[in-house]
Every structure is written in structure tokens, then in C-alpha cells.
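Here is a friendly walk through one structure, for a reader who likes to follow a sheet from strand to strand. Please have the display open as you read.

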Amino acid sequence: MEIVVCVKQVPDTTEVKIDPVTNTLIRQGVPSIVNPFDKNALEAALQLKDKHGGKVTVITMGPPQAKDALKECLAMGADDAILMSDRAFGGADTLATSHTLAAGIKKLGKVDIILCGKQAIDGDTAQVGPEIAEHLDIPQVTYVSKIEADGDKLRVEREQEEGYEVIEVSTPAMLTVVKSINDPRTPTVKGTMKANRKEIPVWTVNDVPVEAEKIGLKGSPTQVRKIFTPKQRTQGEIIQADTARAAAALLIQKLSDAKIV
């Protein structure tokens, strides 16, 4: 079973800062982590490998420092890792990103399952996984909370607001997973040492079959015009009185004075 997991290195969201001029994330000096949902996707891949055998390859598009995220994935148990990095890929929105990743996956050859986290915590669009499936013309199931493999068939449970639906899909297929699917394993010391010794190939625009008009900023129809921090709301007022009746009367009076009632 050949499994590819798409991962993304993202800023720690507790440290996110926006450049007011360029409307882009300020990454310099900001700690980066592996997108948490992508860790769930990797764990799902590793569990399938443990049960059915095969190979797990992680792939990402990003700057050179994204190798750190790939090394963490290797330490968790992935077999191989690919970094797609080139200035030509820079400034990509979800459509251009998915086009680039799909080209990288095509270069890998035969793939049975592609796994992604349901979304990245920096953009929260949940678009890249489904768009990769469209580029590759393969079936997709999103918000997956359980995966069972039987030959070239996958039986998955798709999370819904009030339950789940069971879907059977043929491979190759794209699945995006939710957090509840598993608890990602912690990298071992042995795995970390092995990952640090492993060479991670870097694919540039010259190494994959991409179309220049569909990658990077040029291939991105979505552009951010403005980003701003919402004004902080004033704190609420705690109404205190000797009795509930008195508190209710005081509340009604304040609402009336504010012309709300």
C-alpha cells in the first residue's frame, strides 16, 4: 500500500502576527510547528501501514526551513519525505498550492491513498486536500473519522454534525481527516536520530510537471486585500443585588436606559 501524506509547517497560532503593509503572515522569529491535523493524517497512514504493510511518504511545499516539519514526520515513522521548495512557488493561494502538490504526487508514481488534515490552522480554508483530488481526478472523502482498508476498497466514516455517514470508495483516493480519528504518536529518540541522518530531497520548479501560469502568485486567483484585528469588545457588567428580583429589576432598567428594550 503506497500512502502519501501532505503536511504543512504553520506558525504557532498563539504567536501569529500580520504585516499591515503586505497583509501576509510575519514568519521571521515566529516558532513553527507541524499542522496538528496533518499529524492526525500521518498517524492514520502509519496505522494503515502497521496493519497492511506498505510505505508512507510525506510531502510538503514551503521554504527550506519546512525540512524541520518533515524530519518530525520521519521521526514519527514515515519512510520518506519530499520538500517542494522554489521561489516560483511563493505567494501561492490554495489553488496554486494544490496544483504544485498534485504535480509532486504525480511524480511519485503509483499512490493508493493520499491523506491530509481537514485544514491548516493558519488559513482554515479546508480547500487544498479536495483541490488536490480534483487535479488528480480521483475520488475524495472529507472529515474522515475512521478508515478501514480491504484491498482496493476503503470503508470510511465521515463526521457530521449529528453523527456520521459510512462511505465506500475505491483507491486511489484522497481522504482528509479530523482530530478525533486518533492520537498521534510521539517521535522516539531512535526515530529522531534516524530522521536527522536522512537526506530529504528538494524538488524545484524544474523537477515537477507544473504549468508556470498555475503556480505561485501568478497562478493564484485569490488575493488578500486587507487584514485587520477586530476591535476588542468592552467587558460586560456584573449586576449584583440582594435578591434575584432586585437584580432583574436593575437589569431591565439598564437595558431600558440603553434603549435595548
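## The sheet and its helices

Strand 1 and strand 6 run parallel to each other, joined by four bridges. In this pairing Val 5 has Leu 115 of strand 6 as its bridge partner. Please keep in mind throughout that this is a predicted model.

Leu 115 also helps to trace the next step, as its bridge partner in strand 10 is Leu 175. Strand 6 (residues 113-117) and strand 10 (residues 173-177) pair in the parallel sense, and five bridges link them. Another pair across these two strands is Cys 116 with Thr 176 of strand 10.

Is strand 6 mostly covered or mostly exposed? It is mostly covered, with five of its five residues buried. In a regular strand, side chains alternate between the two faces of the sheet. For strand 6, both faces are covered: one side carries Ile 113, Leu 115 and Gly 117, the other Ile 114 and Cys 116, and all of these are buried.

Now let us turn to strand 4. Strand 1 (residues 2-6) pairs with strand 4 in the parallel sense over five bridges, and Ile 3 finds its bridge partner in Val 56 of strand 4. Strand 4 is also joined to strand 5 (residues 80-84) by five bridges, and these two strands run parallel as well. Here Val 58 is matched with Ala 81 of strand 5. Between strand 4 and strand 5 the chain passes through helix 2 (residues 67-76), giving a right-handed β-α-β crossover.

Why can strand 4 (residues 55-61) be called largely enclosed by the rest of the structure? Six of its seven residues are buried, and buried here means under 20% relative accessible area, so the description fits.

The bridge partners named above can be set side by side:

| Residue | Bridge partner | Strand of the partner |
|---|---|---|
| Ile 3 | Val 56 | strand 4 |
| Val 5 | Leu 115 | strand 6 |
| Val 58 | Ala 81 | strand 5 |
| Leu 115 | Leu 175 | strand 10 |
| Cys 116 | Thr 176 | strand 10 |

Stepping back, these strands belong to an open sheet of nine strands with mixed pairing, in the order 9-8-7-10-6-1-4-5-11. Its edge strands are strand 9 (163-170) and strand 11 (202-203), each of which pairs on one side only.

Which helices lie across these strands? Helix 1 (residues 36-52) lies across strand 1, strand 4, strand 6, strand 7 (140-150) and strand 10, and runs at about 150° to strand 6. Helix 3 (residues 94-108) lies across strand 1, strand 4, strand 5, strand 6 and strand 11, at about 145° to strand 4.

Helix 2, met above in the crossover, also has a helical partner. Its axis comes within 7 Å of that of helix 5 (residues 189-197), and the two cross at roughly 135°. That angle makes helix 2 oblique to helix 5. The crossing is right-handed. Lys 71, Leu 74 and Ala 75 of helix 2 make the contact with Gly 191, Thr 192, Ala 195 and Asn 196 of helix 5.

A last stop is Pro 31, located in the loop between strand 2 (9-11) and strand 3 (32-34). With a relative accessibility of 39%, Pro 31 counts as partly exposed. Pro 31 and Ile 121 are 90 residues apart in sequence, while their C-alpha atoms are 14 Å apart in space.

Conventions
Residues are numbered from 1 along each chain as its sequence is written. This is a predicted model: local features need pLDDT of at least 70, side-chain atom pairs count only at pLDDT 80 or more; totals for chains, interfaces and linings use all residues. Side-chain values use heavy atoms; hydrogens and water are left out. Buried means under 20% relative accessible area, exposed over 50%, partly exposed in between (1.4 Å probe, protein chains only). Two strands pair if DSSP finds at least two bridges between them. A crossover is right-handed if, with the strands pointing away from the viewer, the path from the first strand over the helix to the second runs clockwise. Axes are lines fitted to C-alpha atoms, for helices over the stretch in contact, and angles run from 0 to 180 degrees between N-to-C directions. Angles under 35 degrees count as roughly parallel, over 145 as roughly antiparallel, 65 to 115 as roughly perpendicular and the rest as oblique. A crossing is left-handed if the near helix is turned anticlockwise from the far one by less than a right angle, and right-handed if clockwise. Contact means heavy atoms within 4.5 Å.
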